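Here is a set of questions and answers about how the words used for a protein model follow from its computed values. Please look at the sequence and the structure before reading on.

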Amino acid sequence: MNHLQSLKTLSYVQVRRILRIWIQTIIPPAITTALYFLIFGELIGSRIGEMPGYEGLTYLEFMVPGLIMLAVITNSYANVASAFFGAKFQKAIEEILISPMANWAILLGFIVGGIARGVLVGVVVVLVSLFFTNFGISNVFLTLFSILLTSTLFSILGLINGVYAKTFDDISIVPTFVLTPLIYLGGIFYSIEILSDQWQFFSKINPILYIVNFFRYAMLGTSEIDPTLGLVLICVFTVGFFALAYYLLHKGVGVKD
Amino acid sequence: MKALEIKNLKKIYANEVVALKGIDLVVESGDFFALLGPNGAGKSTTIGIISSLVTKDHGSISICGIDIDENFPLAKSKLGVVNQEFNFSQFEKVRDVIMAQAGYYGVDPKTAAARTEEYLKKLGIWDKRDVFIRELSGGQKRRVMIIKALIHKPELLILDEPTAGVDIELRRGLWDFLIDINKGGTTIILTTHYLEEAENLCRNIAIIDNGTIIENTKMEHLLKKLENQVFTIETTESIPDNLKIEGFNLTVEDNNKFSVIVPKDVSMNKLFENDSFKQLEVTNIKNQTNRLEELFLNLTSKK
């Protein structure tokens, strides 16, 4: 059995899906990001000024890494959750399950789709950002690595959501009620140094804060939180949730009677 | 060699429905085998377990000599399944869906493209290759399902009601196609509600009811169990009111038509040689009984 061929096929099918529905997958993040830059950057940002800990950077420059992460996280998660649930809903998942494809190949195939959308949307957000501000990238390799790792982690989480989902509502509950609040409170628009001790405490138990700050460090070369913490956190979560997703597929949770 | 061997297969669903109560089944390589049963009898559960869409609670299954508990991927590579329900993305094009299925089985793109073209042409939907699946008719979707199941050249093909909702002309065309596939060496297991289909195509048959195999034999042996056959006879002239043929039960249906019940141990010659029958000018004799249907209903106690 040529598992590499089956992995290539599933990855190709997933990427083709993203490109086929580009109006749903690529355009919305571009518009949302442009609005964020217009409102928070151009109109309000000039009144906010510099963020503590990021002296020498405009508010727009501070915001760019956060907005890229916002797009990468939400899109990689949503892509795999909807692709996997959509395949379940249309029973197309049976095409994969009855084949001799290994579970790791199924898992990686869907993850590749999530990474592809995360990276694609990340690039779109960078391009949109360039209309509003100029910025350099401190460490290109670390920036790309961070995007890949983050989109991998949230693709896996999206797949776990898709595995358990029984209705279309189930794939929007986690993003709406868990992911979005955590992302918005994860230091995308502000430095936690401006928060009171109590809110700083709550912010510091939010894992997204570390992920955003690791990326901000990779892009801007500075971060209010030790970037190593973010890197370790993403790696541990990625390995842990990959193992969980593999176990769920192996057991046939959500896809087998 | 055994294409499929099932031993003591049991399945109880989470809602405590007992789907299979320990079935045993052997399908020899090269056979065209019918697996029949009423709705909810356990056919689809059996197929689901064989194809890994349903988990078993007990028992063993070997596909072409490979135990699924020992090497399921290898066993699955020998198997093609046409499920009862359409199971492809409605938003993909015909050729893309088939090529993807080949890829999942590890078939390289060049081989997959050649086979896709071959089967699409054989089943008469080559002109639909770049059409979205959702735009196909029911019959065309059925054909795509069959091609998907054959694209990796399986040794065992399981068809779960492959001709459901398909018009007669296409059904006959699919029969011919499946006969060719079977002659080429592929073992076929067919479930269908068109019992005429099973009678015409299959050499061996198992009937499952309420999670148990209640009959497993050669088709001809099963048909021999039929007690009576009913023939409808049409004549040119009016049938006399007092028509009687000794030894046969008659029912006059109209002026030119009557039906006669012929027990299985009575020769038809006895009917033809009867003096009363000889006086009639017969234009048509039809076997009214769907033989397998009669047996099926008797066996599953639904008559």
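The questions below go through a predicted model with two chains, and each answer sets a value against the cut-off it has to meet.

Q: What makes α7(A) and α12(A) oblique to each other?
A: Helix α7 (residues 103-132) of chain A and helix α12 (residues 227-251) of chain A pack at an angle of about 125°, with their axes 9 Å apart. Angles from 65 to 115 degrees would count as roughly perpendicular and angles over 145 as roughly antiparallel, while the rest beyond 35 degrees count as oblique. The two helices α7(A) and α12(A) are therefore oblique to each other, and α7(A) passes α12(A) in a right-handed crossing.

Q: Which residues of α7(A) and α12(A) meet?
A: On the side of α7(A) they are N103(A), W104(A), I106(A) and L107(A), and on the side of α12(A) they are A245(A), Y246(A), L249(A) and H250(A). Divided by class, the residues of this contact are 6 nonpolar, 2 polar and no charged.

Q: Why is α7(A) called oblique to α8(A) as well?
A: The angle between α7(A) and helix α8 (residues 140-164) of chain A is about 130°, and their axes lie 8 Å apart. That angle makes α7(A) oblique to α8(A), because only an angle over 145 degrees would count as roughly antiparallel. Here too α7(A) passes its partner, α8(A), in a right-handed crossing. Among the residues of α7(A) that make the contact are F110(A), G114(A), G118(A) and G122(A), and α8(A) gives residues including L148(A), S151(A), S155(A) and L159(A). The contact of α7(A) with α8(A) has 9 nonpolar, 7 polar and no charged residues.

Q: How do you know that chain A and chain B touch, and how many residues take part?
A: Residues count as being in contact if their C-beta atoms lie within 7 Å, and 25 residues of chain B are in contact with 24 residues of chain A. On the side of chain B, the elements that give two or more residues are α2 (68-77) and α3 (94-104) of chain B. The residues on this side of chain B are 10 nonpolar, 12 polar and 3 charged.

Q: Why is α3(B) said to be largely enclosed by the rest of the structure?
A: A residue counts as buried if 20 or more other C-beta atoms lie within 10 Å of its own. In α3(B), 10 of the 11 residues are buried, so this helix is largely enclosed by the rest of the structure. Among the buried residues are V94(B), I98(B), M99(B) and Y104(B), and also D96(B) and Q101(B). The buried residues of α3(B) pack against elements of both chains, namely α1 (3-20) and α6 (93-97) of chain A and α4 (109-122) and α5 (138-150) of chain B. After α3(B) comes G106(B), whose phi is positive, near 85°.

Q: What makes β14(B) hardly covered?
A: The count of buried residues among the 6 residues of β14(B) is 0. For chain B as a whole, 38% of the 303 residues count as buried.

Q: How do you know that β11(B) pairs with β14(B), and in which sense?
A: Strands count as paired when there are at least two bridges between them, and 5 bridges join β11(B) to strand β14 (residues 282-287) of chain B, which run antiparallel. In β14(B), I285(B) is the bridge partner of I233(B), and N287(B) is the bridge partner of F231(B). Strand β11 (residues 228-235) of chain B also pairs in the antiparallel sense with strand β13 (residues 257-263) of chain B, over 7 bridges, and there T232(B) stands opposite S259(B).

Q: Which strands are called the edge strands of the open sheet in the order β6-β7-β8-β3-β9-β10 of chain B?
A: The sheet has 6 strands, and its pairing is mixed. The edge strands are β6 (79-82) and β10 (212-218) of chain B, as each pairs on one side only. Within this sheet, 4 bridges join strand β3 (residues 32-36) of chain B to strand β9 (residues 204-209) of chain B, which run parallel, and L36(B) has I207(B) as its bridge partner in β9(B).

Conventions:
Residues numbered from 1 in each chain as written. Chains lettered and ligands numbered in written order. Predicted model: local features only at pLDDT ≥ 70, side-chain atom pairs only at ≥ 80, totals over all residues. Nonpolar A, V, L, I, M, F, W, Y, C, P; charged D, E, K, R; others polar. Axes fitted to C-alpha atoms, helices over the stretch in contact; angles between N-to-C directions. Left-handed = near helix turned anticlockwise from the far one by under 90°. Buried ≥ 20, exposed ≤ 12 C-beta atoms within 10 Å, placed from the backbone.
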